[in-house]
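Me: Here is a model with a bound ligand. I would like to go through the ligand site and one helix beside it.

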Amino acid sequence: MRHDLSALLETEDFRTAARRYLPRVLFEYMDRGSERETALKQGRTALDHLRIMPSVLTGSSTRDLSCNILGKTFPTPLIVAPTAIAGMIRTGGEARIASAAARVGIPVCLATQSIVPIETVARAAPGNVWFQLYIWQNRQRTLDLVERVRTAGVETLLVTVDTAVQPLRHYNRRNGFSMGFRATPRSVLDIASHPRWAWNALLRPLLQGRGVPDFPHYPEGLRPNVLRPQQDPSVRLAQDVTWQDIEHLRVFWKGNLVLKGVLSPEDVTHARRIGIDGIVVSTHGARNLDSAPAVADVLPSLADEAGNMTVIADSGIRQGSDVFKLLALGADAVMVGRLPLYGLAAGGVEGVERILNMLLDELRVTMALSGKATLSQLGLNSLLNVRGQE
Ligand SMILES: Cc1cc2nc3c(=O)[nH]c(=O)nc-3n(C[C@H](O)[C@H](O)[C@H](O)COP(=O)(O)O)c2cc1C
């Protein structure tokens, strides 16, 4: 049985449906921030303090959401962000997100730590899939993965550079989860009280002989699964990644190379100098450095510094006006992480398609009410910052 999707009208409706469907261990993993969740609150506050300045009598009766991302024209400014273990929300979750996004013309970025392999996701949305890379301690194994991704037909590689160590997410420990599930009386009860999820994501694949969901981008023999977290040091996230690693990748990878998790102007300058094609200005959805600056606060200066690089922004988008604001602050496109996951939990492929369309409709309405016909008309003068005035 599914939720009645037509009753889900705004993000909070999808989030509530997701909360009902998922065990707490997964809902909190997906929904919450890190440490005291300061970045989560501050990111929201920074967006809420921006108001949109409408222009009237512009005579525009159509809204064009098309934009240029990495030299190509896309029908909308949205990209689905990489989110590890989306496949634990529903079996085949990453492929379902990709096919829903493809129907709306939105590219998806698959995570290194996904449950569905790149080959399957690339088949679900041909030409529409990017890949997110974490650099492992063993650089050769990392390059082998990059080669595999290239063979699967991926043209855009996005390297996440803001996760030197596992962040502190205390609720995961309390819930018995840290990139692997630990059975405790509390976690077993949690799962038992969400039988629909347990059937869809765990029992059905087990009964179909597909075994415990694992992480297929890891090398054969070193592949962790959701019950057995990664042990082999060669494929643990490297803590000693430097610009030199990125320069090597730049030589090795001929397609688009994007750095995700950049927040300081000096890093943007460095990226531009070594020929990076794009940056994602991101706090990792407020899931990593809890005292990170809000994306909305740093975005204008970073976009200035970016030159010809494509600027993508994410973290905290919950409604169409948030998309409008990040584009007006200088982003060429935005990524959404949690929203497609809420949609997936609430209603599979249809749920994802619905929440993406909801966000686009909200963006169109915001543009219409503020007198904008195209995204190129959005700029700093479309916004008013009321922080400190309330
Ligand atoms: C459940 C979850 C898992 C994530 N896993 C990854 C990951 O493996 N790699 C990565 O670069 N970012 C990851 N992110 C961060 C997203 O790519 C993105 O930056 C963030 O979700 C954007 O914020 P939003 O969720 O508020 O839209 C994850 C986010 C979530 C919610």
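Reply: A polar contact is a pair of N or O atoms within 3.5 Å; within protein, one must be able to donate a hydrogen and the other to accept it, and residues adjacent in sequence count only if both atoms are side-chain atoms. This is a predicted model, where local features need pLDDT of at least 70, side-chain atom pairs count only at pLDDT 80 or more, and totals for chains, interfaces and linings use all residues. Residues are numbered from 1 along each chain as its sequence is written, and side-chain values use heavy atoms, with hydrogens and water left out.

Me: How far is an oxygen atom of the ligand from a polar backbone atom of Pro82?

Reply: Side chains also make polar contacts here: a polar atom of His284 is 3.2 Å from a ligand nitrogen, and an N or O atom of Arg318 is 2.9 Å from a ligand oxygen. For the backbone atom of Pro82, the distance to a ligand oxygen is 2.7 Å.

Me: What percentage of the ligand's exposed area does the protein bury?

Reply: Accessible areas come from the Shrake-Rupley method with a 1.4 Å probe. Taken alone, the ligand exposes 600 Å², and the share buried by the protein is 99%.

Me: Which elements give two or more residues to the shell around the ligand?

Reply: Helices are DSSP runs (H or I, at least four residues), numbered from the N terminus. The shell divides into nine nonpolar, nine polar and five charged residues. The elements that give two or more are helix 2 (24–31) and helix 14 (338–369).

Methods
Nonpolar A, V, L, I, M, F, W, Y, C, P; charged D, E, K, R; others polar.
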